[in-house]
Amino acid sequence: MLFLAPVMAVLGAVAVFPIAYSLYISFFSMKLTRPNRTPFVGLKNYTDLLGDEAFWGAVWRTVSFSLVSVTAIALIALLVSLLLNQEFRGRRILSTILLVPWAIPYVANALMWKWIYDSSYGALNGLLYQLDFIDKYMVWLGDQDKTLFLIANAFVWKEVPLATILLLVSLKSIPSDLYAAARVDGATVWQRFVHVTLPAMKPGFMLVMIYETMMAIRHFDLFFILTEGGPGSASHVLSWHIYVETFRNLSFGSGAAMSYLLAIATFALSYLFIRTLGRKI
Amino acid sequence: MSDMPITPPVDTIDYRRRQKIGRIVQRLVIFASAIVVAAYVLAPVSWLVSSAFQTETEIVSIPPHWIPEEPTLRNFEAIFTAGNDEPVTYDTRSGTDPAAGDFIPSTAENLLPSMANSLIVATLVVILNLLVGVPAAYAIAKIRFWGRNASVYFILITRVIPDIALVVPFFLVIRKLGMLDTLGSLVITYLAITVPFTVFILIQYFEGLPDELDKAARVDGCSRFQALIKVFLPLSMPSLVAVVLFTFLTSWNEFLLALMFTQTSASQTLPILLASFTSDFTVSFSFLNAAGVLAVVPPVIVAIVFERYIVSGLTAGAVKG
């Protein structure tokens, strides 16, 4: 098919080939520190990972970061989309304002939050101090227990708008006679929400869950700019681990093995969401 | 509400009054939540903007000045005049202690070129996306052929792969092609990220247009290609705009791949330069914030201008099925 040829050529070259190549590399011990010796090691890169505490730590932090942020994104986006589905004065302005975080580059977002969390002059310290919640300035990103949450907060702020738009699209597709019928049947506001609104939002939720989970488990920029995996290893997530392993330790083989595992996990999760929440894409 | 009796009840409850109060309460709740949402979204950005207009002495005040007391444009001035003369620092201008962070990085002069790089890459990616994406989406939506479903799944699967998994193979390939530190390397790799999405959105939209259009065009003697150009493209403007917008923003904002493949100002994009500022501990905060504002302005303007197409473009793409 002539029309399809360009797309297939492009995707073959820029997506399929790299992935196949990534699998290939993952079977070799490829270290740029000794570029001429790249022995085939079979599954060793993978089996090494199984016993690697740093790897499992990174996996665990990725899972908690994703759980926290995706849950928050879905809940906030649900509330905001319900709000935007109402008719009120200023609705259009609000929905335009909502686009701002979505359009902001991730790096600019990271920069902005780094400035907000700044330990000497940041807005978070300033605000909490003025409101008397804290009596001295805190080193927010230096706190092992809070770091992951603070990064998640920056991530959620950036992601809520798109999730909201996706959910709003589902909400708008609900025919109004469904609500009329439910009213005639004497359904309360809550019953209408549970039995009419929520089921209709399923496709929207499916998209949000797939998209945001994928974004969360592969997210890199905020970790790079805000904490570089620190303090200690508090924000050492999988994407950061792959970056360090590949481009700082120059260990391409095991980096590729991890990337490949991450790709498989992402794919499996998306499949799971599609099976549980939707019929088809 | 409609389950209330229509005839006025005999007892003393005034239903009409109750309904009115209910409506006012509802209004108030909606209004209050709208304010909360707007504040949540705008507060961080406003602070970034506010600090971009503060002087270096004001920006380090404790507690922070939420609104600049002596607003200044000198941070932006520093960016736009950087590279004209000697490396400019606020230090040379105001005579304060450079250790206090009153410093403009020497790479500041790369800021405007990096914006140009971002713009070039994003524009090329948008054009290439339309060139390969539109015919493919048309074919999948309107032509029955063997392997049609398989093509859809193939395209979807390529988007599930995390960018980080593409980094290593891309790096090796691009190094081998001698394309490291060129804009071309970014254009190629961004296609991998954007094309599946483009095709996906357009398929949904084309499928929504009636098949009869296609048939009528063919009866009138159009080739498949002419039918696509003359009949379908004009009708699919909203989804095309949505695609352009998404692709542009993705390319403008991308960071990870650009971080790997660019090294000098010849190919560095805006996000990379911005990130390089943040790792410099002596950098001026107010300068950094001004740079941040510059990075935010173009994509936000683009998004707001095309705002109404986003939902219609997504409606085409999202609610089917």
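**Exercise 1: Salt bridges in chain A**

Find the partner of A:E87 in a salt bridge and decide whether A:E87 is buried or exposed.

*Solution.* Step 1: look at the charged side chains around A:E87 in this predicted model. A:E87 forms a salt bridge with A:R91, and their closest N and O atoms are 3.7 Å apart. Step 2: recall the general idea. Side chains of opposite charge can pair when their charged atoms come close. Step 3: check the accessibility. A:E87 has a relative accessibility of 65%, so A:E87 counts as exposed.

**Exercise 2: Two more pairs**

Work out where in chain A the partners A:K44 and A:D48 sit, and then do the same for A:R248 and A:E228.

*Solution.* Step 1: start with A:K44 and A:D48, whose side chains meet in a salt bridge at 3.0 Å, N to O. Both belong to helix α2 (residues 44-50) of chain A; because they are four residues apart there, about one helical turn separates them. Step 2: add the surroundings. A:K44 is partly exposed at 45% relative accessibility, and A:D48 is partly exposed as well, with a relative accessible area of 42%.

Step 3: turn to A:R248 and A:E228, whose side chains meet in a salt bridge at 3.8 Å, N to O. This pair links distant parts of the chain, 20 residues apart: A:R248 is in helix α13, while A:E228 is in the loop between α12 (221-227) and α13. A:R248 is partly exposed with a relative accessible area of 43%, and A:E228 is partly exposed at 40%. Step 4: put the pairs in context. Over all chains, the structure holds four salt bridges.

**Exercise 3: A serine in a helix**

Describe the surroundings of B:S118: which residues is this serine in contact with, leaving aside its neighbours within four places in sequence?

*Solution.* Step 1: locate the residue. B:S118 lies in helix α5 (residues 111-142) of chain B. Step 2: judge its accessibility. The value is 1%, and buried means under 20%, so B:S118 counts as buried. Step 3: list the contacts beyond its sequence neighbours: B:W252, B:T269, B:L270 and B:P271. Step 4: look closely at B:L270. The side chain of B:S118 reaches the backbone nitrogen of B:L270 at 2.9 Å.

**Exercise 4: Nonpolar residues inside and outside**

Say which residues have the most contacts inside the largest nonpolar core, and which residues make a nonpolar surface patch of about 550 Å².

*Solution.* Step 1: begin with the core. It has 194 residues, and A:W102 and B:F206 have the most contacts inside it. Helix α8 (residues 147-172) of chain A gives the largest share of this core, 16 residues. Step 2: zoom in on B:F206. Beyond its sequence neighbours, its contacts include B:V134, B:Y138, B:L228 and B:F232. Step 3: move to the surface. The patch is made by A:L127, A:L131, A:F133, B:W66 and B:I67. Step 4: examine one member. A:F133 lies in the loop between α7 (123-130) and α8 of chain A, and at 62% relative accessibility A:F133 counts as exposed.

**Exercise 5: Positive phi**

Place A:L250 and B:D181 in their loops and say what their phi angles are near.

*Solution.* Step 1: remember the usual case. Most residues other than glycine have a negative phi. Step 2: take A:L250, with a positive phi near 55 degrees. A:L250 sits in the loop between α13 (238-248) and α14 (252-277) of chain A and is partly exposed, at 26%. Step 3: take B:D181, with a positive phi near 65 degrees. B:D181 sits in the loop between α7 (163-176) and α8 (183-208) of chain B; at 18% relative accessibility, B:D181 counts as buried.

Note on methods: Residues are numbered from 1 along each chain as its sequence is written. Chains are lettered from A and ligands numbered from 1 in the order in which they are written. This is a predicted model: local features need pLDDT of at least 70, side-chain atom pairs count only at pLDDT 80 or more; totals for chains, interfaces and linings use all residues. Side-chain values use heavy atoms; hydrogens and water are left out. Helices (H or I, at least four residues) and strands (E, at least two) are DSSP runs, numbered from the N terminus. Buried means under 20% relative accessible area, exposed over 50%, partly exposed in between (1.4 Å probe, protein chains only). A polar contact is a pair of N or O atoms within 3.5 Å; within protein, one must be able to donate a hydrogen and the other to accept it, and residues adjacent in sequence count only if both atoms are side-chain atoms. Contact means heavy atoms within 4.5 Å. A nonpolar core is a set of buried Ala, Val, Leu, Ile, Met, Phe, Trp, Tyr and Cys residues joined through side-chain atoms within 4.5 Å. Patches are made of residues with over 30% relative accessible area and no salt bridge: like charges are joined within 9 Å, nonpolar side chains (Val, Leu, Ile, Met, Phe, Trp, Tyr) within 5 Å. Accessible areas come from the Shrake-Rupley method with a 1.4 Å probe; for residues, only the protein chains shown count as cover.
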